[in-house]
Amino acid sequence: MTIVTLLTDFGTADSYVAEMKAVLLSRVPAATIVDISHDVPPGDVRSAQYLLSRAWHRFPAGTIHLAVVDPAVGTERRAIAAEAANHRFVAPDNGVLSFLPPDARFVALPVPLDAAPTFHGRDLFAPAVAALASGNRLDQLGEAIKQPQRSPLPTARSQGDGVIGEVLYVDRFGTLVSNIPPDLVEPGVRIRVAGTDVGPLRRTFGDAARGALVAFTGSGGTVEIAVRDGSAARLLGVGVGAEVRA
């Protein structure tokens, strides 16, 4: 059994995700397909990178990950496949795989002559995943490349007696996910988002009153800011890129 994960910005209102799954299941009927998300904001490569970087290593070795957030589809941007830590990846070469370690191997995928220039997810990437799931090696899919596009997510930095980071992602609850690791935050130090004092780190949402801001260490291992029973993004009027200070 091969597990294939899917991450796209296609949503589920149209047939796009189903068409990709149809290609996969027609060629690899025994594949188990797991949807990471299809609600990535349209064209938001950075959010796609964040979500895939959180999820991929939690799957069993041998899993194949397909990420299609591809605002430059049909242009000269490369299509790539990669291998790292006994996992394989297929995606556009636009930085979405920047989280992979330096020893990852990459190949450039050829574009089929009959591929729709606006739907490489179905006509290029899904067939490549099916080939890997059927036993093909990475080097059988394309030519090795040494310099895939890398646009790693920003990291927090120390400044004086504090730490400066930013919001990397906003989840569906309006929680602001920062890039500040909690081990850089001394006990009792207050968190500020875009100038608003949120207070010190708490353990969970329930440590704040209903409707109040609360900072805590999120499940992804970084400082997050939420509103209990509400939306921090809406309350503060901020989003990705907003400054977070400790």
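The paragraphs below walk through the fold of this predicted model, from its overall dimensions to its central sheet and the helices around that sheet.

In overall make-up, the protein contains four helices and 15 strands. Its radius of gyration is 20 Å, close to the 18 Å expected from the globule rule for 246 residues, so the protein is as compact as a globular protein of that length. The C-alpha trace extends over about 55 × 35 × 35 Å along the principal axes. Of the 246 residues, 50% count as buried, and the surface that the protein exposes comes to about 12,000 Å². Carbon and sulfur atoms supply 50% of that exposed area. Among contacts with a separation of 6 or more, 63% are made by residues 24 or more positions apart.

A convenient place to begin a tour of the fold is the sheet. Seven strands build an open sheet with mixed pairing, and their order is 2-1-3-5-4-6-7. At its edges lie strand 2 (32–37) and strand 7 (143–145), each of which pairs on one side only. From one strand to the next, the twist averages 25°. Within this sheet, strand 1 (residues 3–8) and strand 3 (residues 64–68) run parallel and are joined by five bridges. For a reader who wishes to locate this pairing in the structure, L7 is a handy landmark: its bridge partner in strand 3 is A67.

Two helices can be described by their direction relative to these strands. Helix 1 (residues 16–27) packs on the sheet and touches strand 1, strand 2 and strand 3. The direction of helix 1 makes about 160° with that of strand 1. Helix 3 (residues 120–133) lies across strand 1, strand 3, strand 4 (79–84), strand 5 (87–92) and strand 6 (105–109). Relative to strand 3, helix 3 runs at about 175°.

Helix 2 (residues 45–55) merits a paragraph of its own. This helix is mostly covered, with nine of its 11 residues buried, that is, under 20% relative accessible area. The buried residues are V45, S47, A48, Q49, Y50, L51, L52, S53 and A55. Where do the buried residues of helix 2 pack? Their partners include strand 1, strand 2 and strand 3, which are also the strands touched by helix 1. In addition, the buried residues of helix 2 pack against strand 9 (162–170) and strand 10 (176–178).

Note on methods:
Residues numbered from 1 in each chain as written. Predicted model: local features only at pLDDT ≥ 70, side-chain atom pairs only at ≥ 80, totals over all residues. Heavy atoms only, no water. Pairing = 2+ DSSP bridges. Axes fitted to C-alpha atoms, helices over the stretch in contact; angles between N-to-C directions. Contact = heavy atoms within 4.5 Å. Buried < 20%, exposed > 50% of the residue type's maximum accessible area, 1.4 Å probe, protein only. Rg over C-alpha atoms; globule rule 2.2 N^0.38 Å. Areas by Shrake-Rupley, 256 points an atom, 1.4 Å probe, with all protein chains shown as cover.
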